[in-house]
Amino acid sequence: MITIDTKKLCDLLADLLETADYRGIHLQTVRGYDGDEPGEVSLLVGTATDGYALGHTWTACSGRLDGAFWPVPDVKAVIAVCKPLAAAHPAHTVDLSMQDRTLVLQETPELFDGGTMLRFDVKDIGDDVAGEVLVKIKRILSGDPLPLPVDADGNPRLDT
């Protein structure tokens, strides 16, 4: 389980949606350095790709969360639910935990009565969809020419 500032979570997810395709984004915690703070802290790290561009960002949190792919509609739902909470309470935090393959987002109970809760299924690295994303990330990092991005139906997406 992790506890994270609600506004920072919304900002992280919004940034990752800029490079995510319909498959989703990958999130997990790692230990690392954050700014000028001494020592390592927990970081929620996100990666997304549309097969053409690769997005990566992180923010500080507390605790540990295993890696999983979050579906784009659920990422948008998290932002829609959490943005008003963050606006109403500048110090608002939420807790994220995994129960099997279900992510549970809940207001931090000790601070905000824990009234708001959101649950959705996530995919792990072994899933076919997640594997497709990893192949695309490796291809982007290799420097090989990239194919045209496609939509969920396999049709090429035109430049807009």
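A polar contact here is a pair of N or O atoms within 3.5 Å, where one must be able to donate a hydrogen and the other to accept it. With that in hand, R31 is a handy place to start in this predicted model. The side chain of R31 makes such a polar contact with the side chain of S42, at 3.2 Å. A polar atom of the R31 side chain also sits 2.9 Å from the backbone oxygen of E40. Setting aside neighbours within four places in sequence, R31 is in contact with E40, V41 and S42. R31 belongs to strand 2, and its relative accessible area of 52% makes it exposed, since the bar for that label is over 50%. As for what lies further along the chain, the C-alpha atoms of R31 and A60 are 9.5 Å apart, with their positions 29 residues apart in the numbering.

Strand 2 is part of an open sheet of 8 strands, and the sheet is put together in the order 5-2-3-4-1-6-7-8 with antiparallel pairing. Strand 5 (68–70) and strand 8 (117–121) stand at the edges; each has a single partner strand, so one side of each is left without a neighbour in the sheet. On average, and ignoring direction, neighbouring strands in this sheet are turned by 35° against each other. As a general point, strands of a sheet pair through backbone hydrogen bonds, either parallel or antiparallel.

Now for the individual pairings. Strand 3 and strand 4 run antiparallel and are joined by 8 bridges, with T47 finding its bridge partner in H56 of strand 4. The hairpin made by these two strands has 4 residues between them, and G51 takes a positive phi near 90° there. Strand 4 also pairs with strand 1, again in the antiparallel sense, over 2 bridges. In that pairing I2 stands opposite G63 of strand 4.

Over on the other part of the strand order, strand 6 (residues 93–99) and strand 7 (residues 102–107) make an antiparallel pair over 6 bridges. Q99 has T102 of strand 7 as its bridge partner, while S97 stands opposite V104 of strand 7. The hairpin of strand 6 and strand 7 has 2 residues between the strands, and D100 lies in that loop. D100 is not a glycine, yet its phi is positive, at about 60°. With 77% relative accessibility, D100 counts as exposed.

Strand 7 goes on to meet strand 8, and 5 bridges join the two in an antiparallel run. Here L103 has F120 of strand 8 as its bridge partner. What about the surroundings of strand 7: enclosed or not? Of its 6 residues, 5 are buried, so strand 7 is largely enclosed by the rest of the structure.

Two helices lie across these strands. Helix 1 (residues 6–17) lies across strand 1 (2–5), strand 2 (25–32), strand 3 (41–49), strand 4 (54–63), strand 5, strand 6 and strand 7, and runs at about 165° to strand 4. Helix 2 (residues 72–88) lies across strand 2, strand 5, strand 6, strand 7 and strand 8, with an angle of about 170° to strand 8.

That leaves D95, a residue of strand 6. D95 is a bit of a curiosity: it is buried yet has no salt bridge. The nearest side chain of opposite charge belongs to R119, and that is 12 Å away, whereas a salt bridge calls for a side-chain nitrogen of Lys or Arg within 4 Å of a carboxyl oxygen. Which side chains, then, make polar contacts with the side chain of D95? One of them is the side chain of T3, at 2.7 Å. Another is the side chain of T108, at 3.1 Å. Not counting residues up to four places away in sequence, D95 touches M1, I2, T3, V104, L105, Q106, T108 and P109. Among these, I2 is the residue that stands opposite G63 in strand 4, and V104 is the one that stands opposite S97.

Terms used. Residues are numbered from 1 along each chain as its sequence is written. This is a predicted model: local features need pLDDT of at least 70, side-chain atom pairs count only at pLDDT 80 or more; totals for chains, interfaces and linings use all residues. Side-chain values use heavy atoms; hydrogens and water are left out. Two strands pair if DSSP finds at least two bridges between them. Axes are lines fitted to C-alpha atoms, for helices over the stretch in contact, and angles run from 0 to 180 degrees between N-to-C directions. Contact means heavy atoms within 4.5 Å. Buried means under 20% relative accessible area, exposed over 50%, partly exposed in between (1.4 Å probe, protein chains only). Lys and Arg count as positive and Asp and Glu as negative; His and the chain ends are not counted.
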